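Got the viewer open? Get your selection tool ready, and let's take a walk through this one together.

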Amino acid sequence: MAKRPQHLDDIFGDWPYEFGDVAARKVRGRDGRAVLQLRLDMGLLQMEADGRPDGARPEGFSTYYDYLLALAFEEGEKFELDEARCVEIDREFVQFYHRRICWMALRDFRRAVADAEHTLALMDFSSAHAPEDEWAEMHEQYRPFVIFHHTQAAALAEVDDLHPEKAVEVIESGLGRMQAAFARQEMDEEFDDDELVVKLREMKDALANHYELEPPLTEQLDEAVAQEQYELAAEIRDRIARHSKRKV
């Protein structure tokens with residue numbers, strides 16, 4: 001029986017790497033399950049589509065974050081993140097980042113949203129229990145980037161579902177979350193010029209123009225106040241209040 005080749009030359013030849021592109025694809029594993037592949041300059045990554053990207057089940061849990069939640073409940077006040085746990089958290093951050101950008105490239109935006117939410121929840125947990133501020137800050141610096149991905153994916157999912165007005169609302173909410181993240185890091189002055197903020201605002205304007213949408217009520221209110229149109233501002237406030245009651 002001929003030995004299987006251990007090289008990947010054929011795969012790389014059929015799927016060349018192009019610098020600057022996020023090249024991803026969904027294929028079937030040997031048992032028929034769906035797996036994701038991400039082409040890199042010196043190879044490729046293969047990730048599970050469900051559960052943790054590397055397919056591991058830490059202590060039987062779907063993800064290391066789920067395992068940590070159980071540990072925190074079990075250990076109570078004695079719970080802490082030691083060096084080994086911090087290393088595992090870092091591994092999970094990286095794995096979910098790679099899968100998130102795969103979902104984005106494949107336009108499976110709902111799955112990208114889910115992976116971004118996992119990362120943000122893990123970030124909240126790890127920052128709350130961080131053994132030292134420097135370790136927490138190392139992750140918190142990426143919060144605006146993850147929020148950007150979450151917002152972009154959620155908005156595009158709404159567009160795919162033919163809800164452009166909801167997509168604009170999603171972007172507005174995401175920008176608010178990003179601004180809060182900048183404020184926590186005392187970077188308020190850098191917010192308006194940040195590349196990711198500019199991209200989200202451009203996306204919002206493009207959607208509004210393409211679908212001929214009215215500006216969000218909050219923007220209309222700000223404009224009315226700036227123009228000293230106080231009667232109009234009062235009407236818009238009433239519309240916002242009615243809209244809020246309908247959501248409840």
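We'll start at a sheet, move on to a pair of helices, and finish at a single residue. Keep in mind that this is a predicted model.

**Stop 1: the sheet.** Select residues 23-28, 34-40 and 43-48, which are β1, β2 and β3. You're looking at an open sheet of three strands in the order β1-β2-β3, paired antiparallel. Because β1 and β3 each have a single partner strand, they stand at the edges, with one side of each left without a neighbour in the sheet. From one strand to the next, the twist averages 25°.

Now zoom in on β2 and β3: six bridges join them. To find one of these strands' partnerships, click Leu 40, whose bridge partner in β3 is Gly 43.

**Stop 2: a helix on the sheet.** Add residues 83-105. This is helix α3, which packs on the sheet and touches β1, β2 and β3. Its direction makes about 95° with that of β2.

**Stop 3: two helices.** Next, select α6, residues 143-160, along with α7, residues 164-184. How do their axes cross? At roughly 175°, coming within 8 Å, and that makes α6 roughly antiparallel to α7. Where they meet, show the side chains: α6 brings residues including Ile 147, Phe 148 and Ala 154, while α7 brings Val 170, Ile 171 and Phe 182, among others. The contact has 13 nonpolar, three polar and five charged residues.

**Stop 4: Glu 158.** Stay in α6 and pick Glu 158. Is this residue buried or exposed? With 13% relative accessibility, Glu 158 counts as buried. Beyond its close sequence neighbours, Glu 158 is in contact with residues including Arg 110, His 163 and Lys 166.

Notes:
Residues numbered from 1 in each chain as written. Predicted model: local features only at pLDDT ≥ 70, side-chain atom pairs only at ≥ 80, totals over all residues. Heavy atoms only, no water. Helix = DSSP H or I, 4+ residues; strand = E, 2+ residues; numbered from the N terminus. Buried < 20%, exposed > 50% of the residue type's maximum accessible area, 1.4 Å probe, protein only. Contact = heavy atoms within 4.5 Å. Pairing = 2+ DSSP bridges. Axes fitted to C-alpha atoms, helices over the stretch in contact; angles between N-to-C directions. Parallel < 35°, antiparallel > 145°, perpendicular 65-115°, else oblique. Nonpolar A, V, L, I, M, F, W, Y, C, P; charged D, E, K, R; others polar. Lists of a residue's contacts leave out its neighbours within four places in sequence.
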